[in-house]
Amino acid sequence: GIDRLLAVDLHCGQIQGFFHHCPVDNLSALREMAPYVVNEIIPSFKEEPIVIVSPDAGGVARAKMFLECLATMLVKNIGLA
């Protein structure tokens, strides 16, 4: 078996409850991914508005956190749908 599970961006926090026999550390990659998006993806949109969209209710909190990360990097033409 395992002593501890290390995961990156679980779909929802409830998944941690499936692992009864070991602690689960859910790491987020949002802060590491934000600079890439700002430097490599957003410039191709020029002045077009950009919208962060969650695929389902379980991802809304992550979408909001990602939007906040981008806002701290002074991205102006971005919103949440």
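Q: Where is the place of alanine 81?
A: Alanine 81 sits in the segment after β4 (78-80). The model is predicted.

Q: Why is alanine 81 called exposed?
A: Its relative accessibility is 67%. Exposed means over 50%. Alanine 81 therefore counts as exposed.

Q: Which residues does alanine 81 touch, not counting residues up to four places away in sequence?
A: Alanine 81 touches Val51, Ile52, Val53 and Ser54. Contact here means heavy atoms within 4.5 Å.

Q: How far is alanine 81 from glycine 17 in space?
A: Their C-alpha atoms are separated by 29 Å. Along the chain, alanine 81 and glycine 17 are 64 residues apart.

Q: Where is serine 54 found?
A: Serine 54 lies in the loop between β3 (50-52) and α2 (60-72).

Q: Why is serine 54 called buried?
A: Serine 54 has 15% relative accessibility. Buried means under 20%. The value of serine 54 meets that cut-off, so serine 54 counts as buried.

Q: What does the side chain of serine 54 reach?
A: It reaches the backbone oxygen of glycine 59 at 3.5 Å. It also reaches the backbone nitrogen of valine 60 at 3.2 Å. A polar contact is a pair of N or O atoms within 3.5 Å, so both distances fit that cut-off.

Q: Which residues does serine 54 touch, leaving out those up to four places away in sequence?
A: Serine 54 touches Gly59, Val60, Ala63 and Ala81.

Q: What makes a group of residues here a nonpolar core, and how many residues has the largest one?
A: The members must be buried residues of the nonpolar kinds listed for a core, cysteine included, joined through side-chain atoms within 4.5 Å. The largest such core has 14 residues. Those with the most contacts inside this core are Ile42, Ile52, Phe66, Leu70, Val75 and Ile78.

Q: Which elements give two or more residues to this core?
A: They are α1 (30-41), β3 and α2. The largest share, five residues, comes from α2.

Q: Which residues does phenylalanine 66 touch, not counting residues up to four places away in sequence?
A: Phenylalanine 66 touches Leu30, Met33, Ala34, Val37 and Ile52.

Q: Why is cysteine 22 called buried?
A: Cysteine 22 has a relative accessible area of 11%. The cut-off for buried is under 20%. Cysteine 22 is therefore buried.

Q: Is cysteine 69 buried or exposed?
A: Cysteine 69 has 6% relative accessibility. Under 20% means buried, so cysteine 69 counts as buried.

Q: How many disulfides are there?
A: The count comes to zero. A disulfide needs a pair of cysteine sulfur atoms within 2.5 Å.

Q: What makes the phi of aspartate 9 worth a look?
A: Aspartate 9 has a positive phi of about 50° although it is not a glycine. Aspartate 9 is found in the loop between β1 (5-8) and β2 (24-27).

Q: Why is aspartate 9 called partly exposed?
A: Aspartate 9 has a relative accessible area of 28%. Buried means under 20% and exposed over 50%. The value lies in between, so aspartate 9 is partly exposed.

Q: What is the phi of lysine 46, and where is this residue found?
A: Phi of lysine 46 is near 50°, a positive value in a residue other than glycine. Lysine 46 is found in the loop between α1 and β3.

Q: How do you know that lysine 46 is exposed?
A: Lysine 46 has a relative accessible area of 65%. Exposed means over 50%, so lysine 46 is exposed.

Q: Why is isoleucine 41 called partly exposed?
A: Isoleucine 41 is in helix α1. Its relative accessible area is 34%. That value is in between 20% and 50%, so isoleucine 41 is partly exposed.

Q: How many helices and strands are in the protein chain?
A: There are two helices and four strands. Along the sequence, the pattern is β-β-α-β-α-β.

Q: How does the radius of gyration of the protein chain stand against that of a compact globule?
A: The protein chain has 16 Å. A compact globule of 81 residues would have a value near 12 Å. The C-alpha trace spans about 50 × 25 × 20 Å along its principal axes.

Technical notes: Residues are numbered from 1 along each chain as its sequence is written. This is a predicted model: local features need pLDDT of at least 70, side-chain atom pairs count only at pLDDT 80 or more; totals for chains, interfaces and linings use all residues. Side-chain values use heavy atoms; hydrogens and water are left out. Buried means under 20% relative accessible area, exposed over 50%, partly exposed in between (1.4 Å probe, protein chains only). A polar contact is a pair of N or O atoms within 3.5 Å; within protein, one must be able to donate a hydrogen and the other to accept it, and residues adjacent in sequence count only if both atoms are side-chain atoms. The radius of gyration is taken over C-alpha atoms; the globule rule is 2.2 Å times the number of residues to the power 0.38.
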